[in-house]
Amino acid sequence: MSLSAPNQPEHLYAAREPIFPRRVSGRFRNLKWVIMLVTLGIYYLTPWIRWDRGPNLPDQAVLVDLASRRFFFFWIEIWPHEFYFVAGLLVMAGLGLFLFTSALGRVWCGYTCPQTVWTDLFILVERWIEGDRNARIRLHRQKKWDFHKARLRVTKWVAWFFIGLATGGAWVFYFADAPTLLKDLLTLNAHPVAYTTMLILTMTTFLFGGFAREQICIYACPWPRIQAAMMDEDTITVAYREWRGEPRGKGKRRTVAADAPEAVTYAAGEKHGGTSPLIPMPGMPSGVGKPPAQELGDCIDCNACVNVCPMGIDIRDGQQLACITCALCIDACDDVMAKIGKPRGLIDYMALTDEQAERAGAAPRPIIKHILRPRTILYTALWSLVGIGLVVALFIRSDIDMTVAPVRNPTFVTLSDGSIRNTYDVRLRNKHGEERPFRLTIDGRPDLVVQVEGSEDQTVTVPADTAKLERVYVTAPADTAEAEAERTEFRLWVEDTTNGDRAYRDTVFNGREN
């Protein structure tokens with residue numbers, strides 16, 4: 001029932017209440033620290049790794065060279081026409097995400113997602129400056145902005161800004177030589193696109209990691225809504241052993257208050273010769289209307305699991321869209337169980353089928369049996385096939401290549417001697433670190449004659465690690481089959497005369513129209 005005034009519309013939107021997670025220690029928190037250090041280290045340091053590729057290529061190990069339209073990854077060089085490698089990597093990333101979600105729930109979200117990693121970093125800085133959970137809550141609820149509050153907030157925001165600035169700066173270093181770009185940025189000689197990109201990424205990091213936080217995971221990210229299709233009752237995920245923890249409470253035994261909604265008792269009914277619960281009435285003997293004492297579960301309802309959760313949820317309410325399975329609630333609960341002398345695992349990684357088995361008194365299945373099941377085996381097989389295909393394609397690709405584009409206006413030209421000539425734009429690619437001579441030939445069509453514009457022997461020198469566009473003419477003498485036929489397929493070959501490597505492209509010769 002709404003308590004709002006009759007003439008006032010009911011508000012359907014509730015303002016966000018900031019979440020202030022409490023500091024926690026434990027094996028999963030330590031694992032998250034390690035992962036955060038590794039992932040941030042990879043992100044910030046990778047652009048500064050040098051890799052010698054010779055005098056004609058950049059010496060940055062990982063570089064997206066937009067000017068030359070190429071991607072460098074250590075010894076691997078991806079050209080624009082080899083985009084299928086990038087597509088294959090994206091397919092592998094998707095299949096890998098499906099695999100890990102099916103086997104272990106939202107481990108990507110809880111441990112390695114950039115939003116989670118940077119939010120952890122921002123919360124760590126916030127805790128260093130403003131204190132732990134209770135101190136931050138008091139500061140948030142303090143209405144008056146005195147010098148103390150202003151100093152803490154400004155210090156925190158400045159630290160967040162510099163983290164965001166480092167994030168945006170590291171990103172642009174992937175698209176240009178990092179030392180050169182850093183010098184240009186500091187001397188204000190960099191391209192405006194670099195400054196604009198840094199500003200956008202700085203502000204998005206500042207806002208997403210400092211203020212939006214769990215809102216990005218709940219509302220902006222589509223994965224929480226997709227994960228249900230990837231998970232089943234055998235998926236290992238963070239869960240609460242309700243059969244062991246309920247009923248909650250402090251102490252060893254508990255009696256429900258007589259004025260509570262559940263204050264009906266079988267003991268009272270038995271005392272008066274009945275079997276139905278009785279509602280306590282004035283003048284009844286002592287004990288009538290009070291339920292019998294009952295053994296409490298292991299959960300003491302301390303809310304430690306809620307206080308450490310970066311999403312602000314209660315895992316005891318069951319699986320929820322907002323849960324990222326970061327397992328911090330496991331560390332908090334294990335710490336409490338150790339203090340009260342109870343076994344760990346009240347909150348733990350487990351499967352739904354195991355919870356049902358434990359409730360019935362049976363032993364849980366081994367984790368490996370949950371992981372190795374038809375769905376995960378299928379994802380692993382598909383992931384492996386794509387990976388093997390990419391590796392094979394990487395090793396069998398040629399160091400020379402070409403593309404052939406027939407000139408369609410006109411499709412052919414009749415020369416003075418009656419010969420038919422077609423024109424082609426041929427792009428020759430030399431992936432070697434030094435210039436190479438390429439020679440063009442036609443096999444299987446002795447009547448077709450190839451000629452490279454500006455070359456007498458059909459040989460072209462292509463500079464190191466570049467692509468060169470050449471105008472090529474193919475001529476069919478008069479009265480030959482190729483000249484008279486409307487279309488004739490042929491194969492144009494390019495050969496590296498230095499080492500004999502060859503590549504070809506199939507195309508069409510257009511003769512006289514019938």
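In which loop is Asn-303 found? In this predicted model, Asn-303 is found in the loop between β6 (294-295) and α13 (304-307). Although Asn-303 is not a glycine, its phi is positive, at about 65°. The relative accessibility of Asn-303 is 34%, and the residue therefore counts as partly exposed, a class that lies between the limits of 20% and 50%.

A positive phi is also found at Arg-69, again not a glycine, where the value is about 55°. Arg-69 is placed in the loop between β1 (62-65) and β2 (70-73). With a relative accessibility of 59%, Arg-69 counts as exposed, the cut-off for that class being over 50%.

The protein has 514 residues, of which 42% count as buried. Its secondary structure consists of 18 helices and 16 strands. When contacts between residues at least 6 apart in sequence are considered, 69% of them join residues at least 24 apart. The exposed surface of the protein comes to about 28600 Å², and 62% of this area is supplied by carbon and sulfur atoms.

Two cis peptide bonds that precede proline were assigned to loops. One runs from Glu-246 to Pro-247, with omega near -10°. Pro-247 belongs to the loop between α11 (242-245) and β5 (253-254). Another joins Asn-409 and Pro-410, with omega at about 0°; Pro-410 lies in the loop between β8 (400-406) and β9 (413-414).

Helix packing was examined for α4 and α8. Helix α4 spans residues 114-130 and helix α8 spans residues 192-212; their axes come within 8 Å and cross at roughly 75°. This crossing makes α4 roughly perpendicular to α8, since angles of 65 to 115 degrees fall in that class. On the α4 side, the contact is made by Gln-115, Trp-118, Thr-119 and Phe-122, while α8 contributes Thr-205, Phe-206, Phe-208, Gly-209 and Gly-210. Sorted by class, the residues in the contact of α4 with α8 are four nonpolar and five polar, with no charged residues.

Helix α10 (residues 223-230) has buried residues at Trp-223, Pro-224, Gln-227 and Met-230. Viewed down the axis of α10, these buried residues fall within an arc of 95°, so they line one face of the helix. The face of α10 turned away from the buried side carries Ala-228 and Ala-229, both of which are exposed. Cover for the buried residues of α10 includes the helices α2 (84-104), α3 (107-112), α9 (214-220) and α17 (374-396).

One of the helices in that cover, α2, contains Gly-96. Gly-96 has a relative accessibility of 11% and therefore counts as buried, the limit being under 20%. The C-alpha atom of Gly-96 is separated by 7.8 Å from that of Thr-380, although the two residues are 284 residues apart along the chain.

In helix α15 (residues 352-359), the residues Asp-354, Glu-355, Ala-357 and Glu-358 are buried. Seen down the helix axis, the buried residues of α15 fall within an arc of 165°, so they line one face of the helix. The elements that cover these residues include α11, β7 (347-350) and α16 (367-371). Helix α11 also borders the loop that holds Pro-247. Just after α15, Gly-361 takes a positive phi of about 90°.

Strand β16 (residues 502-510) contains Phe-509. This residue is buried, with a relative accessible area of 0%. Phe-509 and Tyr-424 are 85 residues apart along the chain, and their C-alpha atoms are separated by 9.9 Å. With residues up to four places away in sequence left out, Phe-509 touches Ile-420, Asn-422, Tyr-424, Leu-448, Val-474, Thr-475 and Ala-476, as well as Glu-482, Glu-486, Arg-487, Thr-488 and Phe-490.

Notes. Residues are numbered from 1 along each chain as its sequence is written. This is a predicted model: local features need pLDDT of at least 70, side-chain atom pairs count only at pLDDT 80 or more; totals for chains, interfaces and linings use all residues. Side-chain values use heavy atoms; hydrogens and water are left out. Axes are lines fitted to C-alpha atoms, for helices over the stretch in contact, and angles run from 0 to 180 degrees between N-to-C directions. Helices (H or I, at least four residues) and strands (E, at least two) are DSSP runs, numbered from the N terminus. Angles under 35 degrees count as roughly parallel, over 145 as roughly antiparallel, 65 to 115 as roughly perpendicular and the rest as oblique. Contact means heavy atoms within 4.5 Å. Ala, Val, Leu, Ile, Met, Phe, Trp, Tyr, Cys and Pro count as nonpolar, Asp, Glu, Lys and Arg as charged, and the others, Gly among them, as polar. Buried means under 20% relative accessible area, exposed over 50%, partly exposed in between (1.4 Å probe, protein chains only). Accessible areas come from the Shrake-Rupley method with a 1.4 Å probe; for residues, only the protein chains shown count as cover. The arc is that of the directions from the helix axis to the C-beta atoms.
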